[in-house]
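Work through the exercises below with the sequence and the coordinates side by side. Each task sentence is followed by a solution that goes step by step.

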Amino acid sequence: MSHSFHLFQLQKIDTQLDQGTARILEIQAKIDGDQRVPEAETKVAESLANLKAAQARLAKIEQEVTSKRMKLEQSESTLYGGKVKIPKELQDLQHEVASLKRIITGLEDQQLEAMMQVEEAQMGYDAAQKHLLRVQGVTTGENAVLMGESGMLAALKARLQVEREAVVNQVDPVYLEEYARLRKNKRGVAVATLTDDTCSACGSLLTAADRQNARSPIQVSHCPSCGRFLYGG
Ligand SMILES: [Zn+2]
């Protein structure tokens, strides 16, 4: 087999290896960059903080109501206990009882509102948790498919490396060196083929002599335009 043919084989293998590596990196970036679970987790944390704040507001109002009711109980028992005889003091007590009752009514309205807010916050938190579970399920499934693909590509790359070694052993080191240089400078493509009388890599029209050289089983030819190895098949 000619050096040209082996270089062409080497190029095919390296192109596949490059594609495999690129896809593995793409998969990793896709998995790493997936924001769906972190976003859902943030929503859970936010709605939990919201719920806790609403619960704290409610607890504060409830404490206030309890304290005012105790105060009312005391004032009423003093008022109706019969120990206070002075009219002015009795009048003051009556005013205090009336005032406490008004305050308690106001607080009870606030309490009802706060309870509704807690209920709403609880619903928001439940929904956020459900959403997180759903997103986790979807993401896990999708990632498993991607990881499966990545694993298959890694296995394919390992097989290609073995094939590559076998091909490399059959190519003159001088050509290998040039091949490596061309790969580096020509965006990974060191070997072009004949496609409708043109170079498959740069598109230049090739003369009859160029094409004949490219098809020669003995010599290694180059595209006169882009300098890549030219394999005519
Ligand atoms: Zn060319």
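Helices, counted as DSSP runs of H or I with at least four residues, are numbered from the N terminus, and in this numbering Met147 is found in helix α3. The model is a predicted one.

**Exercise 1.** Determine whether Met147 is buried, exposed or partly exposed, and find how far its C-alpha atom lies from that of Gln28.

Solution. The first step is to count the neighbours of Met147, which has 13 other C-beta atoms within 10 Å. The second step is to set this count against the cut-offs, under which a residue is buried at 20 or more, exposed at 12 or fewer, and partly exposed in between; Met147 is therefore partly exposed. The last step is the distance: although Met147 and Gln28 are 119 residues apart along the chain, their C-alpha atoms are separated by 8.5 Å.

**Exercise 2.** Describe how α1 packs against α3, giving the angle, the distance between the axes and the handedness of the crossing.

Solution. Two packed helices are described by the angle between their axes and by the distance between those axes. For helix α1 (residues 3–32) and helix α3 (residues 87–168), the angle is about 155° and the axes are 9 Å apart. Since angles over 145 degrees count as roughly antiparallel, α1 is roughly antiparallel to α3. The crossing of these two helices, α1 and α3, is left-handed, and the residues of their contact comprise 13 nonpolar, 6 polar and 6 charged ones.

**Exercise 3.** Repeat the analysis for α2 and α3.

Solution. The axes of helix α2 (residues 36–80) and α3 come within 7 Å and cross at roughly 160°, which makes α2 roughly antiparallel to α3. The handedness follows as the next item, the crossing of α2 and α3 being left-handed, and the contact of α2 with α3 divides into 25 nonpolar, 15 polar and 13 charged residues.

**Exercise 4.** Compare the span of α1 with the expected one, and state which elements help to cover its buried residues.

Solution. With its 30 residues, α1 reaches 43 Å from its first C-alpha to its last, which is close to the 44 Å expected at 1.5 Å a residue. The buried residues of α1 include His3, Leu7, Phe8, Leu10 and Ile13, and among the elements that cover the buried residues of α1 are α3, α4 (173–185), β1 (191–195) and β4 (229–231).

**Exercise 5.** Examine α4 and the residue Arg187 just after it.

Solution. The 13 residues of α4 reach 18 Å from the first C-alpha to the last, close to the expected 18 Å. Just after α4, Arg187 takes a positive phi of about 50°.

Technical notes: Residues numbered from 1 in each chain as written. Predicted model: local features only at pLDDT ≥ 70, side-chain atom pairs only at ≥ 80, totals over all residues. Axes fitted to C-alpha atoms, helices over the stretch in contact; angles between N-to-C directions. Parallel < 35°, antiparallel > 145°, perpendicular 65-115°, else oblique. Left-handed = near helix turned anticlockwise from the far one by under 90°. Nonpolar A, V, L, I, M, F, W, Y, C, P; charged D, E, K, R; others polar. Expected span 1.5 Å × (residues − 1). Contact = placed C-beta atoms within 7 Å.
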